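Welcome, and take a moment to turn the structure around before reading on. We will go through it piece by piece, helices and sheets together.

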Amino acid sequence: MNTFDKKNVEDIFSLTPLQESILYYYLKNPDSLIYLEQLRMEINGTIDLQLFKRAWEEVCRNNEMLRAVYRWENVKQPVQVILKKHRLNLKYIDLSDLKNKEEVQAQRLRDITEQDGGTPFNLREVPFRLILCKKDRDKYSLIISNHHIIYDGWSN
């Protein structure tokens, strides 16, 4: 069982009935991708990577589900543990120097999205990650991946 510093626990909640159902299917097949969700968006404008990261850290600080880990072993009922602090899982990929830029970038973005979408989450860790791909000086693609247990499509 993955452990964490108990001083870093903000709160502990019971799972909702829907979360219990999702956890049940996760435990039956932890490598399943059925509950992995992705959102990809295009961003036009210059991005300061450090400010971008700080902004997303603020989003996570203000949204407890983006700091939630799940525990079901050695407890009577499964719970979600809200961490006080969590290191944002953000990957940055610079595609701006590729040859045959548009078609090669499009293929690389498909590959990156597919590879990330094929990587299951471990619910013992926060099931939320970001990939920022720089396509040009002021063009980016952002891939947001999460496990459905933390929020549904309406919450996007």
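**A walk through the fold**

At 1.5 Å a residue, helix 2 with its 14 residues should span 20 Å, and its end C-alpha atoms are indeed 20 Å apart, which agrees. The expected span used here is 1.5 Å times one less than the number of residues in the helix. Helices (H or I, at least four residues) and strands (E, at least two) are DSSP runs, numbered from the N terminus.

Before going further, please keep in mind that this is a predicted model: local features need pLDDT of at least 70, side-chain atom pairs count only at pLDDT 80 or more, and totals for chains, interfaces and linings use all residues. Residues are numbered from 1 along each chain as its sequence is written, and side-chain values use heavy atoms, with hydrogens and water left out.

Let us stay with helix 2 a little longer. Which of its residues are buried? They are F52, W56 and C60; buried means under 20% relative accessible area, exposed over 50%, and partly exposed in between (1.4 Å probe, protein chains only). Seen down the axis of helix 2, these buried residues fall within an arc of 80°, so they line one face of the helix. The arc is that of the directions from the helix axis to the C-beta atoms. On the other side of helix 2, you will find Q50, R54 and N62 exposed. At the N-terminal end of helix 2, D48 acts as a cap, with a side-chain oxygen 3.0 Å from the backbone nitrogen of Q50.

What do the buried residues of helix 2 pack against? Their partners are strand 2, strand 5, strand 6 and strand 7. These strands build an open sheet of four in the order 2-7-6-5, with mixed pairing; two strands pair if DSSP finds at least two bridges between them. Strand 2 (36-44) and strand 5 (90-94) stand at the edges with a single partner strand each, so one side of each is left without a neighbour in the sheet. Neighbouring strands of this sheet are turned by 15° against each other on average, direction ignored. Helix 2 (residues 49-62) packs on the sheet, and its direction makes about 155° with that of strand 6 (128-136). Such angles run from 0 to 180 degrees between N-to-C directions, with axes as lines fitted to C-alpha atoms, for helices over the stretch in contact.

Now look at strand 7 (residues 139-147), which runs antiparallel to strand 2 and is joined to it by nine bridges. Within this pairing, E37 has N146 as its bridge partner, and L39 has I144. Strand 6 and strand 7 also pair in the antiparallel sense, over eight bridges, and they form a hairpin with two residues between them. One of the bridge pairs here is I131 with I143. Eight of the nine residues of strand 7 are buried, so this strand is largely enclosed by the rest of the structure.

A good residue to pause at in strand 7 is S141. Is S141 buried or exposed? S141 is buried, with a relative accessible area of 0%. Its side chain makes a polar contact with the side chain of E42 at 2.7 Å. A polar contact is a pair of N or O atoms within 3.5 Å; within protein, one must be able to donate a hydrogen and the other to accept it, and residues adjacent in sequence count only if both atoms are side-chain atoms. Not counting residues up to four places away in sequence, S141 touches several others, among them R40, L109 and C133; contact means heavy atoms within 4.5 Å.

Our last stop is helix 1 (residues 17-28) and the second sheet. In helix 1, Q19, I22, L23 and Y26 are buried. They cover an arc of only 100° around the axis, which puts them on the same side of helix 1. The face turned away from that buried side carries the exposed residues P17 and K28. Covering the buried residues of helix 1 are elements including strand 1 (9-14), strand 3 (68-71), strand 4 (79-83) and strand 7.

Strands 1, 4 and 3, in that order, form an open sheet of three with antiparallel pairing. The twist averages 25° from one strand to the next. Strand 3 and strand 4 pair over four bridges, and V69 has V81 as its bridge partner in strand 4.
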